[in-house]
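Please work through the following exercises with the sequence and the structure open beside you, and try each task before reading its solution.

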Amino acid sequence: MLESKQILVTGAAGFIGYHLCEALIKQGHHVIGLDNINDYYDVTLKYARLSELGIQKEAATVFAEISQSTLHGSKMQFIRLNLEDRDALPKLFKKHTFDMVCNLAAQGGVRYSIENPEAYIDSNINGFLNILECCRHHNVKRLVYASSSSVYGNTDKTPFEETANVDAPISLYAATKKSNELMAHTYSHLYNFETIGLRFFTVYGPWGRPDMAMFLFTDAIINNKPIKVFNNGNLSRDFTFIDDIVDGVVNTLIKDSKNASLYKLYNIGNGRPVQLLDFIESLEKALDISAIKKMLPMQAGDVHQTFADTSRLEHDYNYKPQIAVDKGIKAFVLWYKGFYNK
């Protein structure tokens with residue numbers, strides 16, 4: 001049995017954050033989840049995820065108050081906070097001695113960063129700096145944080161390797177994630193604590209985000225609406241099922257690496273890219289409905305392909321993605337139909 005740790009998970013009402021909290025609690029760790037529950041997408045889904053963790057909506061809506069999970073024996077607590085709150089976040093770190101921190105909270109989405117750039121600087125730059133400062137001043141030994149495959153930009157060299165040059169981001173979202181990696185490097189170097197950046201590749205599965213392709217396509221197909229297929233379908237994505245992602249994140253948080261460096265950076269993906277039209281075809285089979293496809297040109301800020309080389313994470317943490325895309329799609333469809341009573 002692993003020793004129980006006290007872990008802060010930011011972005012706990014989010015897609016990956018919710019699943020991560022659930023996995024850590026099952027292992028017997030004491031988790032404090034943090035989220036600002038912003039309205040970037042439907043907050044009903046965020047509160048529903050928290051409810052699955054035993055955090056009731058009435059308690060979760062209040063800022064800066066810790067609420068306790070109502071699930072029997074659960075070591076889950078929750079606090080609603082903005083990452084960039086320079087008064088409240090240090091107080092949280094002072095009150096609780098965190099063994100490790102997993103920072104998943106961020107303003108997500110490539111396209112939204114073109115419409116609302118300020119939100120990305122507030123959360124992803126100022127908020128991340130606040131996390132780094134709190135880790136530094138409160139003796140946190142390990143920080144795992146979300147980066148993104150978007151840092152690779154429109155590179156033609158596949159699969160994407162962590163050693164590749166990532167100095168040409170094509171969205172502000174990608175630029176903020178690249179900035180996080182640089183900031184983490186600086187803090188590891190200056191203040192001697194471990195930072196582990198995870199470059200996530202298209203994550204999908206039950207409880208997924210409504211702004212992601214899996215959700216958008218399913219919703220449109222079920223409701224007999226056209227789906228938007230960008231670049232006329234000439235795109236490929238390294239779709240990675242949520243369970244595989246969470247296994248990898250838990251290992252980087254809890255286990256010691258074979259790599260002694262304080263600053264680490266990993267791709268976390270499936271390593272098997274899928275053509276967008278093949279992905280849609282698998283979804284049509286799972287739903288038993290044909291999609292109405294609206295073919296559109298490439299979108300600003302989007303990349304043509306993503307393809308993770310995960311050998312570094314496999315070597316250091318025995319990461320092995322298991323779930324094939326058709327199986328993962330079926331799991332999502334089952335959840336979606338249940339959640340929305342379709």
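In these exercises, two residues are in contact when heavy atoms of theirs lie within 4.5 Å. The model is a predicted one.

**Exercise 1. The nonpolar cores**

Find which residues touch the most other members of the largest nonpolar core, and list the contacts of leucine 20 beyond its neighbours within four places in sequence.

Solution. Begin with the largest nonpolar core, which has 72 residues, and in which Leu20, Leu24, Leu50, Phe200 and Leu253 touch the most other members. Next, take leucine 20 and set aside its neighbours within four places in sequence, which leaves contacts with Val9, Cys102, Leu104, Val246, Val249, Val250 and Leu253. Finally, look apart from this core for another one, of 26 residues, which includes Leu83, Leu92, Leu143 and Tyr187. As a general background, nonpolar side chains in soluble globular proteins tend to be buried together.

**Exercise 2. A network of charges**

Determine which residues are joined into one network by salt bridges that share partners.

Solution. The count of salt bridges comes to 12. Start from arginine 142, which forms a salt bridge with glutamate 194, their closest N and O atoms being 2.7 Å apart. This pair links distant parts of the chain, since arginine 142 belongs to strand β6 (residues 142-148) and glutamate 194 to strand β7 (residues 194-200), 52 residues apart. Buried means under 20% relative accessible area, so arginine 142, at 8% relative accessibility, counts as buried, and glutamate 194, with a relative accessible area of 10%, is buried because its value also falls under that cut-off.

Then follow glutamate 194 to lysine 264, with which it forms a salt bridge whose closest N and O atoms are 2.4 Å apart. Here too distant parts of the chain are linked, with glutamate 194 in strand β7 and lysine 264 in strand β12 (residues 263-268), 70 residues apart. Both glutamate 194 and lysine 264 are buried. The salt bridges that share partners thus join Arg142, Glu194, Asp256 and Lys264 into one network.

For a further pair, turn to lysine 5, which forms a salt bridge with glutamate 3, the closest N and O atoms being 3.6 Å apart. Glutamate 3 counts as exposed because its relative accessibility is 57%.

**Exercise 3. Strand β4 and its partners**

Describe how strand β4 (residues 76-80) is covered, and state which way each paired strand runs.

Solution. Five of the five residues of β4 are buried. Met76, Phe78 and Arg80 point one way from β4, while Gln77 and Ile79 point the other way. Strand β2 (residues 30-35) runs parallel to β4 and is joined to it by five bridges, with leucine 34 standing opposite isoleucine 79. Strand β3 (residues 67-68), by contrast, pairs with β4 in the antiparallel sense over two bridges, and there glutamine 68 stands opposite glutamine 77.

**Exercise 4. The buried side of helix α10**

Compare the expected span of helix α10 (residues 276-287) with its end C-alpha atoms, and explain where its buried residues lie.

Solution. At 1.5 Å a residue, the 12 residues of α10 should span 16 Å, and the end C-alpha atoms are 17 Å apart, which agrees. The buried residues of α10 are Leu276, Phe279, Ile280, Leu283, Glu284 and Leu287. Because they cover an arc of only 140 degrees around the axis, they lie on the same side of α10. What covers them includes α8 (213-222), β9 (226-229) and α12 (325-339). After α10 comes aspartate 288, whose phi is positive, near 60 degrees.

Conventions
Residues are numbered from 1 along each chain as its sequence is written. This is a predicted model: local features need pLDDT of at least 70, side-chain atom pairs count only at pLDDT 80 or more; totals for chains, interfaces and linings use all residues. Side-chain values use heavy atoms; hydrogens and water are left out. A salt bridge is a side-chain nitrogen of Lys or Arg within 4 Å of a carboxyl oxygen of Asp or Glu. Buried means under 20% relative accessible area, exposed over 50%, partly exposed in between (1.4 Å probe, protein chains only). Helices (H or I, at least four residues) and strands (E, at least two) are DSSP runs, numbered from the N terminus. A nonpolar core is a set of buried Ala, Val, Leu, Ile, Met, Phe, Trp, Tyr and Cys residues joined through side-chain atoms within 4.5 Å. Two strands pair if DSSP finds at least two bridges between them. The expected span of a helix is 1.5 Å times one less than its number of residues. The arc is that of the directions from the helix axis to the C-beta atoms.
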